[in-house]
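User: I'm new to this one. Can you walk me through it?
Analyst: Sure, here is the model.
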Amino acid sequence: MGLPARFYARPVLEVARALIGCTVAHGETAGVIVETEAYHESEPACHAFVGLTPRTRTLFGRPGRAYVYRSYGVHALLNAVCEREGVGAAVLIRALHPTTGLERMRARRGVEDERALCSGPGKLTQALGVTLAHNDTSLSAGPVRIGRRPPDWREPVTVDGTRVGITRAVELRWRFCVAGNPHVSPPRPR
DNA sequence: CATGGGATTGACT
DNA sequence: GTCAATCCCATGC
């Protein structure tokens, strides 16, 4: 069983920090979250900024569900919907430290280097086999699950920075990374 | 109904 | 460093 829906029903910045060190699993593949970004309807970089549309329906829905959308017509990006129903907010999962099913990930990604498997939001969905079909599925009990930090995993030291690839609200330091972890996507915060 | 812009990646110069 | 791939959908006429 994954983290309960109430884990996500609080300020999105809190959840973005709290998700660092948690695990994402799909089928035989899994990894530990080492990079996240927060998005909230109150700022223009968030898809929910424009209001409720067919695209953003999931974002405004119940917390604890997956918001998966297509980026640049190519990649599927995985988010965890946060805050109460009716508020558009989510945490983008940007990078994982691969822990389980590495060979399956290599086959899906078509690369060998472990650091190339999940070091980016589009890479990790490809490595785990997460697709648009997972949009609006439960992250607690659905096919894609987020669970607590593995017992053998040291409590991570988290650093913040500005979000990647956006053109508006660029000043907000709403990106969170595990300090020194090689699976954090470029550009890595200092 | 036509247009344009991405929360990216990988190949190439 | 530059740039194309490729698709969903918001926006505007």
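User: How do the residues of the surface near DNA strand B divide into nonpolar, polar and charged?
Analyst: There are 11 nonpolar, 10 polar and one charged. Ala, Val, Leu, Ile, Met, Phe, Trp, Tyr, Cys and Pro count as nonpolar, Asp, Glu, Lys and Arg as charged, and the others, Gly among them, as polar. Near means that a residue's C-beta atom, placed from the backbone, lies within 6 Å of the molecule or strand.
User: Before we go on, what sort of model is this?
Analyst: It is a predicted model, where local features need pLDDT of at least 70, side-chain atom pairs count only at pLDDT 80 or more, and totals for chains, interfaces and linings use all residues. Residues are numbered from 1 along each chain as its sequence is written, while chains are lettered from A and ligands numbered from 1 in the order in which they are written.
User: Back to DNA strand B. Which residues are closest?
Analyst: His-47, Leu-92, Gly-120, Gly-122 and Gly-165 are the closest of the 22 residues around strand B. β4 (75–81), β5 (89–100) and α3 (121–128) each give at least two residues to that surface. Helices (H or I, at least four residues) and strands (E, at least two) are DSSP runs, numbered from the N terminus.
User: And what surrounds DNA strand C?
Analyst: Val-50, Thr-53, Pro-54, Arg-55, Thr-56, Arg-70, Tyr-72, Gly-73 and Val-74 do. By class, that makes four nonpolar, three polar and two charged residues.
User: Tyr-72 caught my eye. Where does it sit?
Analyst: Tyr-72 is in the hairpin of β3 and β4, which has three residues between the strands. Its phi is positive, near 50 degrees. The two strands pair antiparallel over six bridges; pairing needs at least two DSSP bridges. Ser-71 stands opposite His-75 in β4.
User: Is β4 buried or exposed?
Analyst: Mostly covered, with six of its seven residues buried. Buried means 20 or more other C-beta atoms within 10 Å of a residue's own, exposed means 12 or fewer, and partly exposed lies in between, with C-beta atoms placed from the backbone. β4 also runs antiparallel to β5, with three bridges. There, Ala-80 has Val-91 as its bridge partner.
User: What else does Ala-80 touch?
Analyst: Beyond its neighbours within four places in sequence, its contacts include Tyr-8, Val-15, Leu-19, Ala-66 and Ile-146. A contact means C-beta atoms, placed from the backbone, within 7 Å.
User: How many residues does the largest nonpolar core have?
Analyst: It has 51 residues, and Ala-80, Ala-90 and Val-91 have the most contacts inside it. β5 gives the largest share, seven residues. Such a core is a set of buried Ala, Val, Leu, Ile, Met, Phe, Trp, Tyr and Cys residues joined through C-beta atoms within 7 Å.
User: New topic. Which way do the residues of β8 point?
Analyst: Arg-175 and Cys-177 point one way, Phe-176 and Val-178 the other, and all are buried. In a regular strand the side chains alternate between the two faces of the sheet. β8 runs antiparallel to β2, with three bridges, and Phe-176 stands opposite Thr-36. Four bridges join β8 to β7 (residues 158–161), also antiparallel.
User: Last one. How many helices and strands does chain A have?
Analyst: Three helices and eight strands. They follow the pattern α-β-β-β-β-β-α-α-β-β-β. Buried residues make up 43% of the 190 residues.

Terms used
Two residues are in contact if their C-beta atoms, placed from the backbone, lie within 7 Å.
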